[in-house]
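Hello,

Here is the structure I promised to pass on to you. Please have a look at it first, and then read my notes below.

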Amino acid sequence: ETYRAECVGRLRERMDPMFDLFNADGFVARRVCGDWTPGLVTLHVVSNIVIFLAYVSIPAAIAYFLQKRKDIPFRGVFMLFIAFIVCCGITHFLDSLMFYWPAYRLLGLGLVVTALVSVFTVFGLWWHMRSALLMPSHSQLEEEVKRREASERKYAALFADSPAGMVVGSEDGTLLNINQTYCDMLGYSEEELRVLGWRGVTPPEDLPREEEKLREWVEAGYPTMNYRKRYMRKDGQIIHVELYCKRVSERHNLVMVVDRTSEHEQAEELRLRGMMLDQVFAGIFRRDRSDRIITWNSTAEEMYGYSAAEAMGHNAHMLLKTEFLNQPPPGRDWHHWSGDMIQTTKNGTRIVVETRWSVFNGTDVIECNRDVTQNREMAAELKNYNDALESQVNLRTEELGKANARLRQASKQKDQFLA
């Protein structure tokens, strides 16, 4: 016990001076060591003080930037840089003090802290380097914004200038976006159609059948649907149309309406339908009962990268590594099926494909496919646009409700006053 106490005492005698940070005994001020001239001392001291002030200002600017921009990623790395720069500034300040006050223990502590902070900063920087390199550059973001704006303009022009009636509607019957052709077809203004909805322009005797068809389509989960129906114009005339419906979100559908009342309009409808098939179902090939490819058109060659000679005779699903997003019906006891798939091209690119199958001669299947990988982005943009429109409609409805409530209150007060 006595020996242990002596060891502890000696260790404490040696360690205590190290922790007496502000004790400069035993050290000489730097300016009296060596051939330091007053000008050289002033140069070092002033330079260190200026560096210290700069090292304090830079972290303050970074902290102000982070406080204003809450969306900046890697905030932890920024905080480490702030701590590192502040520590470097403090060491420069302490180094300037050594010329007059040789508290080298305090300077040593500052250097140790700076070294530890620098190690953590380097580690954090390299830890996040891969994620930082994956972030898009400013030019890439500008290019993406331009591409999205061009896509929005293209969709808006296609929607507004379409020779067919176009409308975006929800399952509850609300019409969110209507083009002028649709208004002219029914004789109503856009505001009147928003109030009526699709149920308001459907003959009452057709409503049960229409709602049942819509319900079946929603429950089946098919991406597209087309069928004929009747509309009732504002002047009371009944017109026969064909609807081409496509689901663009969980609640909203894009509908193209073609009037089939006259022979001219029927011919135009067939032309539009042919154009739609050319645009939607581009890659066409035929496969037999064993799913071996029998025919392979030129568009399929461009779409998948396989020539007709390379594709013929191969199992279509094995060649293209098909993954079904909607499971097709088994066997060949059906006529048509449409759905979505993920397939792989010759160069290994995975693409999202919108497909339509038709049974031919009871055994073969004619498959019409379209690459919709990029179009899904347009559908997402359309959903955001529709959500914004729906929000505006709800806000306007709420404002009208409040105005009606105030009107009823004023009328009640008037009646009380007159009574």
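**The helix α2**

Let me begin with helix α2, which covers residues 38-68: at 1.5 Å a residue its 31 residues should span 45 Å, and its end C-alpha atoms are indeed 45 Å apart, so the two agree. The expected span here is 1.5 Å times one less than the number of residues. Helices (H or I, at least four residues) and strands (E, at least two) are DSSP runs, numbered from the N terminus.

Before going on, please keep in mind that this is a predicted model, in which local features need pLDDT of at least 70 and side-chain atom pairs count only at pLDDT 80 or more, while totals for chains, interfaces and linings use all residues. Residues are numbered from 1 along each chain as its sequence is written, and side-chain values use heavy atoms, with hydrogens and water left out.

Which residues of α2 are buried? They are Val41, Val45, Asn48, Pro59 and Leu66, where buried means under 20% relative accessible area, exposed over 50% and partly exposed in between (1.4 Å probe, protein chains only). Helix α3 (75-97) is included in what covers them, contact being heavy atoms within 4.5 Å.

**The six-stranded sheet**

Next, look for an open sheet of six strands with antiparallel pairing, in the order β7-β6-β11-β10-β9-β8. Two strands pair if DSSP finds at least two bridges between them. At the edges stand β7 and β8 (323-324), each with a single partner strand, so one side of each has no neighbour in the sheet.

Strand β6 (residues 283-287) is a good place to start. Its side chains alternate: Gly283, Phe285 and Arg287 point to one face and are buried, whereas Ile284 and Arg286 point to the other and are not. β6 runs antiparallel to strand β11 (residues 364-371), with five bridges joining the two, and isoleucine 284 stands opposite cysteine 368 in β11. With strand β7 (residues 293-296), β6 pairs in the antiparallel sense over three bridges; here phenylalanine 285 stands opposite tryptophan 296. The hairpin of β6 and β7 has five residues between the strands, and in it aspartate 291 takes a positive phi near 65°.

β11 also pairs with β10, in the antiparallel sense and over eight bridges. Glutamate 354 is in strand β10 (residues 350-360), and its bridge partner in β11 is arginine 370. Is glutamate 354 buried or exposed? With a relative accessible area of 4%, glutamate 354 is buried. The side chains of glutamate 354 and lysine 246 are joined by a polar contact of 2.4 Å. (A polar contact is a pair of N or O atoms within 3.5 Å; within protein, one must be able to donate a hydrogen and the other to accept it, and residues adjacent in sequence count only if both atoms are side-chain atoms.)

Threonine 355 lies in β10 too, and it is buried at a relative accessible area of 1%. The side chain of threonine 355 makes polar contacts with the side chains of tryptophan 357, at 2.9 Å, and asparagine 369, at 2.5 Å.

**Aromatic rings and charges**

Rings of Phe, Tyr and Trp (its six-membered ring) pair if their centres lie within 6.5 Å; planes under 30 degrees apart count as stacked, over 60 as edge-to-face and the rest as tilted. By this rule there are nine aromatic pairs.

One of them is the edge-to-face pair of tryptophan 36 and phenylalanine 99, at 4.9 Å centre to centre and 85° between the planes. This pair links distant parts of the chain, 63 residues apart: tryptophan 36 is in the loop between α1 (2-19) and α2, and phenylalanine 99 in the loop between α3 and α4 (104-127). Tryptophan 36 is partly exposed at 25% relative accessibility, whereas phenylalanine 99 is buried at 1%.

Tyrosine 182 and tyrosine 231 also form an edge-to-face pair, because their ring centres are 6.0 Å apart and their planes at 90°. Tyrosine 182 lies in helix α7 (residues 180-186) and tyrosine 231 in strand β3 (residues 224-232), so the pair ties together parts that are 49 residues apart in sequence. Tyrosine 182 is buried at 0% relative accessible area, and tyrosine 231 is buried at 3%.

Back in the sheet region, Phe285, Trp296 and Tyr304 form one aromatic cluster.

Finally, the charged end of arginine 30 sits over the ring of phenylalanine 99, 5.1 Å from its centre. For this, NZ of Lys or CZ of Arg must be within 6 Å of the ring centre and within 35 degrees of the ring normal.

Best wishes
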